[in-house]
Amino acid sequence: MKNTTSNDIRLERLCKAHLDELAGQLRPADRAEIQAMYSAEPRAALVQCHARSVLAVAWIYQGEVAAVAGVAAPSVLGVTGCMWLWTGPAVARAPKTFFKLSRRMLAFFKTFYPHLYAVCETSYTAAQRYLLHLGAKPGPQVRLKAGRGQVYLF
């Protein structure tokens, strides 16, 4: 994927340096969700998300890794993918731009996997609102490693 820009946010193919940078500055709610979903340190969970992904990108804002996102799939030949996104404090400095780019990223992921879903820890209400504003519909509740989650279908 070539680098793209939406106002001040630049997308780059996700690499180790991006993971290293974001792991140390994850927003508290993202850190708590990672603990609930993976029962792992943030860096290890980010590496796991990246390793499972067919496509993963870093969102760079003002020279800082603001977020990392990707889509993983049980089968590269299938039509269903799991979208994931982890954020740092920089997303709060450009929330409208971040949301617009989220919509574009979702549309791009859907060109590969027309049936997307995301899993969100139930106490992370801001992330749930974000998914609903992106057009997701609540699906089943699931058990996470250290908590409960809600599946959202796109």
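Helices (H or I, at least four residues) and strands (E, at least two) are DSSP runs, numbered from the N terminus. The model used in these exercises is predicted.

**Exercise 1. Locate Q62 and S39, and describe their backbone and exposure.**

Solution.
- Step 1: place Q62. It lies in the loop between β3 (53–61) and β4 (64–72).
- Step 2: read its backbone. Phi of Q62 is near 50°, a positive value in a residue that is not glycine.
- Step 3: classify its exposure. Exposed means over 50% relative accessible area. Q62 has 56%, so Q62 is exposed.
- Step 4: turn to S39. S39 sits in the loop between α2 (28–38) and α3 (42–52). Its phi is also positive, near 50°, and S39 is not a glycine either.
- Step 5: classify S39. Its relative accessibility is 39%, so S39 counts as partly exposed.

**Exercise 2. Find the buried residues of α3 and say how they are arranged around the helix.**

Solution.
- Step 1: list them. P42, A45, L46 and C49 are the buried residues of α3.
- Step 2: look down the axis. These residues fall within an arc of 100°, so they line one face of the helix.
- Step 3: recall the helix geometry. An α-helix has 3.6 residues a turn, so residues three or four places apart point the same way.
- Step 4: find the cover. The elements over the buried residues of α3 include α1, α2, β3, β4 and β5.

**Exercise 3. Do the same for α5, then inspect the residue just after the helix.**

Solution.
- Step 1: list the buried residues. Helix α5 spans residues 125–133, and A127, Q128, Y130 and L131 are buried in it.
- Step 2: check the arc. They cover only 160° around the axis, which puts them on the same side of α5.
- Step 3: name the partners. The buried residues of α5 pack against β5 (80–87), α4 (95–112), β6 (115–121) and β8 (147–153).
- Step 4: move past the helix end. G135, just after α5, has a positive phi of about 105°.

**Exercise 4. Count the salt bridges of the structure and work through R43–D20, R27–D30 and E64–R93.**

Solution.
- Step 1: count. The whole structure holds five salt bridges.
- Step 2: recall the principle. Side chains of opposite charge can pair when their charged atoms come close.
- Step 3: take R43 and D20. Their side chains meet at 2.4 Å, N to O. R43 is in helix α3 and D20 is in helix α1 (residues 16–23), so the pair ties together parts 23 residues apart in sequence.
- Step 4: check exposure. R43 is partly exposed at 26% relative accessibility. D20 is partly exposed too, at 36%.
- Step 5: extend the pair. K16, D20 and R43 are linked in a network of salt bridges.
- Step 6: take R27 and D30. The closest N and O atoms of this salt bridge are 4.0 Å apart. R27 is partly exposed at 28% relative accessibility. D30 is buried, at 2%.
- Step 7: take E64 and R93. Their salt bridge has an N to O distance of 3.0 Å. It links distant parts of the chain: E64 is in strand β4, R93 is in the loop between β5 and α4, and they are 29 residues apart.
- Step 8: classify both. Buried means under 20% relative accessible area. E64 has 17%, so E64 counts as buried. R93 has 43% and counts as partly exposed.

**Exercise 5. Establish the disulfide status of C15 and C120.**

Solution.
- Step 1: count. The whole structure has zero disulfides.
- Step 2: apply the cut-off to C15. A disulfide needs two cysteine sulfur atoms within 2.5 Å. For C15, the nearest cysteine sulfur is that of C49, 16 Å away.
- Step 3: add its exposure. C15 is partly exposed, with a relative accessible area of 32%.
- Step 4: repeat for C120. The nearest cysteine sulfur belongs to C82 and is 11 Å away, and C120 is in no disulfide. C120 is buried, at 2% relative accessibility.

**Exercise 6. Identify the residues of the nonpolar surface patch and place L77.**

Solution.
- Step 1: name the members. V54, V76 and L77 make a nonpolar surface patch of about 340 Å².
- Step 2: place L77. L77 is in the loop between β4 and β5.
- Step 3: classify L77. At 78% relative accessibility, L77 is exposed.

Terms used. Residues are numbered from 1 along each chain as its sequence is written. This is a predicted model: local features need pLDDT of at least 70, side-chain atom pairs count only at pLDDT 80 or more; totals for chains, interfaces and linings use all residues. Side-chain values use heavy atoms; hydrogens and water are left out. Buried means under 20% relative accessible area, exposed over 50%, partly exposed in between (1.4 Å probe, protein chains only). The arc is that of the directions from the helix axis to the C-beta atoms. Contact means heavy atoms within 4.5 Å. Patches are made of residues with over 30% relative accessible area and no salt bridge: like charges are joined within 9 Å, nonpolar side chains (Val, Leu, Ile, Met, Phe, Trp, Tyr) within 5 Å. Accessible areas come from the Shrake-Rupley method with a 1.4 Å probe; for residues, only the protein chains shown count as cover.
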